[in-house]
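Student: I'm new to this one. Could you take me on a close look at its charged side chains, where they sit and what they pair with?

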Amino acid sequence: MRANKKLDKYRNIGIMAHIDAGKTTVTERVLFYTGVSHKIGEVHEGEAVMDWMEQEQERGITITSAATTCFWKDHQINIIDTPGHVDFTIEVERSLRVLDGTVGVFCGVGGVQPQSETVWRQADRYKVPRLAFVNKMDRIGANYFNVVSEIEDKLHGAPLAMQIPIGESENFNGIIDVLTKKLATFSEDDKGATITWSDVPDEFKQRTDEAHEAIIERACDFNDALAEKYLDGDEISIDEVKTALRKGVLEQKVTPTFCGTAFKNKGVQLLLDAVVDYMPSPLDVPPVEGLNPKTEAVEIREAKSTEPLSALAFKIMVDPFVGTLTFVRVYSGKIEAGSYVYNASKGKKERVSRILQMHSNKREDVKSISAGDIAALVGVKEVGTGDTLCDVANPILLETIDTPEPVANVSIEPKGKGDYEKMTFSLRKLAQEDPSFTFTFDEETGQTVISGMGELHLEVIVERLRREHKVEATVGKPQVAYKETIRKSVEAEGKFVRQSGGRGQYGHVWLRLMPLERSSGFEFENKTVGGSIPREFVPGAEKGVRESLVSGILAGYPVVDIRAELYDGSFHDVDSSEIAFKVAASMAFRSGMAQADPVLLEPIMQVEVTTPEENMGDVMGDLNSRRGRILGMDSRKGIQVITAEVPLAEMFGYASALRSVSQGRANYSMQFGEYREVPSATQELIVGKKQG
């Protein structure tokens, strides 16, 4: 860590993409060229530095985002490698939340794929400036300009082609830098570290001139003085163009787009140059805003180490050697090893025993970190994902990180009789690391139920239990996280009267139940008038309703999207109590729900299948048999892309079914869409199974 750090020389960036677009390979090359790693690790050889969990190396996918620091051309770059698989969306969300800029990696053949759309929208939501890198240009069918137009059409990403590739597929051998009008070729002898610059070949000169003109015209959009110079025919320098484009990137109005093949060591250094040229420093992004927990006033913190501390914990990792690592992004002020910080989210003081600068799973102790830094803290025990760490004297609460609701469940039991406590302890640790994973104990069946974002997510959790926590477990079949709701408004009475010698119990309520729009949750309102129910008993009635929401009347699933109004009732001067009203409200709720046309809701997934044309009929037939609704088809060079909505209940085991109908050539991705009513015939089956 350099003592007199200059924040304008900092870049906090993420690398985001669809699964298999090659972003981990891109990160590996970045580490190689910046001198962090002396040997290039390959994902397909299971040696990637950033994928340090055993499973990541076996599956060839990135599960957790690892934070790494490296240096390039006098700039410090903190990189977060995020997963592309939709089951790990929360990892992408929480990384984007703390980044200043991001590089979207696209496959030169696949182009804009479904998960790249998801992460792009997430980046839009958090207003993250971005660059694009079209990877895998050495693959057959790779087409840089096709991908550029897809970024325009599908993502409305305002791409700007900064380069022109020379040669196709295995003959891809150079990249024209349009701004300098020079051709870069990469030495095979030192894995592309040596770049040779030469003049643009004659056959590419006209195309380069046109692309150069397009870049200058686009730059003029962001700088009026530059536009005047251009119109007057004056000479415009490359630095002036870069400065104007950088402004456009910061305003998210343009996405400079580059190309290369990380696997064949071509183009990654030029991408690093672009990160330095166009990505924001912590000084370029707006100061962070938060609420003062005491006054609820909005406060602003500038990115300065002299300001009071504000930092966001964006990831928790349990490390076998150090204990719990809490990854934080410091927005203002500084944190010193051995000092105390205040957790504004939980209202607790915590001591930071050590601070680690991370290089993937290697680490270096540092004495302090300040505004702009991303590092891991050791010793803070009760900090969760999305918690704000700040100065005790100047508390601030930053916007937290949204966690999606789990949609898939599976029951799990330890194989060893004595392993129950160990399993519970391990699951608690995993849930602390991953907020989109939860677990509960089912009183009726005596089973532990784990819940997550999909089949793969739960498979990975079980595998981590086995490998990292040494707990062997028996796993049940995946189950869907159904919910229950009502379709019509009703009024219902609940009366609880008990006389058994001494003081009795008396509670009497009238509830009005009404359906709400999807994803509205639950609302409760006291509409009693004239003291029909004294004010002190209303919280008891509300509690009774809330506790009834946990288990609906159809099949015992949680009840959602419902409004309950307490509008009448009666009480007894002596016998009424909060508990009596709690029981009465619970009775009224259950009786009302039975009359209100109750219905089951199921998670509907957005599915995208990429299949060769000859297998398309079989794939569509299979989707239809799974209650799927085909939304659209798109053809790309002999490949058909089918988008559909399919209930999650029908998607378990889909990976192997798809492999068999397409001889292993098709693949798919899915993400949660929304909850929708279950068809009545299916509902009868589910309810029958539950009651049977």
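Tutor: Before we start, a word on names: helices and strands here are DSSP runs, with at least four residues for a helix and at least two for a strand, numbered from the N terminus. Keep in mind, too, that this is a predicted model.

Let's begin on the surface. Asp-224 is found in helix H7, which covers residues 224–231. Its relative accessible area is 61%, and the cut-off for exposed is over 50%, so Asp-224 counts as exposed. Asp-224 has company: together with Glu-228, Asp-232, Asp-234 and Glu-235, Asp-224 makes up a patch of negative charge on the surface.

Now for the pairs. Side chains of opposite charge can pair when their charged atoms come close. Searching the whole structure turns up 38 salt bridges. One of them joins Asp-100 and Arg-329, with N to O at 2.8 Å. This pair ties together distant parts of the chain, 229 residues apart: Asp-100 is in the loop between helix H3 (89–98) and strand S4 (101–107), while Arg-329 belongs to strand S15 (residues 323–332). Both Asp-100 and Arg-329 are buried.

Other pairs have one buried partner and one partly exposed partner. Take Glu-299 and Arg-301, whose closest N and O atoms are 3.2 Å apart in a salt bridge. Glu-299 has a relative accessible area of 22%, so Glu-299 is partly exposed, whereas Arg-301 is at 5% and therefore counts as buried. Then there's the salt bridge between the side chains of Asp-387 and Lys-346, at 2.8 Å from N to O. Here again distant parts of the chain are linked, 41 residues apart: Asp-387 lies in the loop between strands S22 (374–378) and S23 (388–390), and Lys-346 in the loop between strands S17 (340–343) and S18 (348–351). Asp-387 is buried, at 8% relative accessible area, but Lys-346 reaches 41% and counts as partly exposed.

Salt bridges can also share partners: that's how Glu-491, Arg-512, Glu-523, Glu-525, Lys-527, Arg-563 and Glu-565 are joined into one network.

Last stop, Arg-626. You'll find Arg-626 in the loop between helix H14 (616–625) and strand S36 (629–636). With 11% relative accessibility, Arg-626 counts as buried. A polar atom of the Arg-626 side chain lies 2.6 Å from the backbone oxygen of Glu-650.

Definitions and conventions
Residues are numbered from 1 along each chain as its sequence is written. This is a predicted model: local features need pLDDT of at least 70, side-chain atom pairs count only at pLDDT 80 or more; totals for chains, interfaces and linings use all residues. Side-chain values use heavy atoms; hydrogens and water are left out. Patches are made of residues with over 30% relative accessible area and no salt bridge: like charges are joined within 9 Å, nonpolar side chains (Val, Leu, Ile, Met, Phe, Trp, Tyr) within 5 Å. Accessible areas come from the Shrake-Rupley method with a 1.4 Å probe; for residues, only the protein chains shown count as cover. A salt bridge is a side-chain nitrogen of Lys or Arg within 4 Å of a carboxyl oxygen of Asp or Glu. Lys and Arg count as positive and Asp and Glu as negative; His and the chain ends are not counted. The place of a charge is taken as NZ of Lys, CZ of Arg, CG of Asp or CD of Glu. Buried means under 20% relative accessible area, exposed over 50%, partly exposed in between (1.4 Å probe, protein chains only). A polar contact is a pair of N or O atoms within 3.5 Å; within protein, one must be able to donate a hydrogen and the other to accept it, and residues adjacent in sequence count only if both atoms are side-chain atoms.
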